[in-house]
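This report concerns contacts between side chains in one protein chain. Please look over the sequence and the structure before reading on.

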Amino acid sequence: MRKTYHGSCHCGVVRFEADIDLTQGTSKCNCSICAKGRFWKVIVGGDELRVVTGSEKLIAYRFGGGAITHFFCDTCGMKPFGQGEMESMGKFYGVNVACLDDMPVKDLVAAPLEYQDGLHDHWERRPQEVRHL
């Protein structure tokens, strides 16, 4: 069931809302940026995330093939979400579930969790080791 959640960066300058269906699952990836930042995400469509305040404080970062734009608050450094576009999905956002202010912990831990091997560009595969993610 889709529900609108509200989120923010650590300092609260960037605020957003996202329409999320947790039954569709969450994921953790072992690529360098996700593993180092312990990024736990839920994917939403391109029109399902809206920045409410602070869009001017977001700094965009890309690396590797540049397929995903990672957004960080220029005040506190928090990454509330990233944005990508794929032929199979269209435009989408990866929302940092830790930045969702009104998502009950019980709902988050009950959501399906998938692990992705982004380190080897095989997001469809589960990495051999996931305990550190």
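The sections below treat aromatic rings, then charges over rings, then salt bridges.

The model is predicted, so local features need pLDDT of at least 70 and side-chain atom pairs count only at pLDDT 80 or more, whereas totals for chains, interfaces and linings use all residues. Residues are numbered from 1 along each chain as its sequence is written, and side-chain values use heavy atoms, with hydrogens and water left out.

**Aromatic rings**

A pair of aromatic rings is described by the distance of the centres and the angle of the planes. Here, rings of Phe, Tyr and Trp (its six-membered ring) pair if their centres lie within 6.5 Å; planes under 30 degrees apart count as stacked, over 60 as edge-to-face and the rest as tilted. By this rule the structure has 4 aromatic pairs. One of them joins Phe16 and Phe81, which meet edge-to-face with centres 5.6 Å apart and planes at 75°. The pair links distant parts of the chain, since Phe16 belongs to strand 2 (residues 15-20) and Phe81 to strand 8 (residues 81-86), 65 residues apart. Strands are DSSP runs (E, at least two residues), numbered from the N terminus.

Accessibility is given in three classes: buried means under 20% relative accessible area, exposed over 50%, and partly exposed in between (1.4 Å probe, protein chains only). Phe16 counts as buried because its relative accessibility is 1%, and Phe81 is likewise buried, at 2%. Tyr61 and Phe63 form a stacked pair, 6.0 Å centre to centre with 20° between the planes. Tyr61 is partly exposed at 39% relative accessible area, and Phe63 is partly exposed at 32%. In addition, Phe16, Phe71, Phe81 and Tyr93 form one aromatic cluster.

**Charges over rings**

A charge sits over a ring if NZ of Lys or CZ of Arg is within 6 Å of the ring centre and within 35 degrees of the ring normal. The charged end of Lys28 takes such a position over the ring of Trp40, 4.5 Å from its centre. Lys79 has its charged end over the ring of Phe39, 3.9 Å from the ring centre.

**Salt bridges**

Side chains of opposite charge can pair when their charged atoms come close. A salt bridge is a side-chain nitrogen of Lys or Arg within 4 Å of a carboxyl oxygen of Asp or Glu. The whole structure contains 7 salt bridges, and the table lists some of them.

| Acidic residue | Basic residue | N to O distance |
|---|---|---|
| Glu48 | Arg2 | 3.4 Å |
| Glu17 | Arg50 | 2.9 Å |
| Asp74 | Lys57 | 3.4 Å |

The salt bridge of Glu48 and Arg2 ties together parts 46 residues apart in sequence, because Glu48 lies in the loop between strand 4 (40-45) and strand 5 (49-53) and Arg2 in the segment before strand 1 (3-8). Glu48 is buried at 17% relative accessibility, whereas Arg2 is partly exposed at 45%.

The salt bridge between Glu17 and Arg50 has its closest N and O atoms 2.9 Å apart. This pair links distant parts of the chain, with Glu17 in strand 2 and Arg50 in strand 5, 33 residues apart. Glu17 is partly exposed, with a relative accessible area of 21%, and Arg50 is partly exposed at 28%.

In the salt bridge of Asp74 with Lys57, the closest N and O atoms are 3.4 Å apart. Asp74 lies in the loop between strand 7 (68-73) and strand 8, and Lys57 in the loop between strand 5 and strand 6 (58-61), 17 residues apart. Asp74 is partly exposed at 38% relative accessibility, as is Lys57 at 27%. Finally, salt bridges that share partners join Glu17, Asp19 and Arg50 into one network.

Notes
Helices (H or I, at least four residues) and strands (E, at least two) are DSSP runs, numbered from the N terminus.
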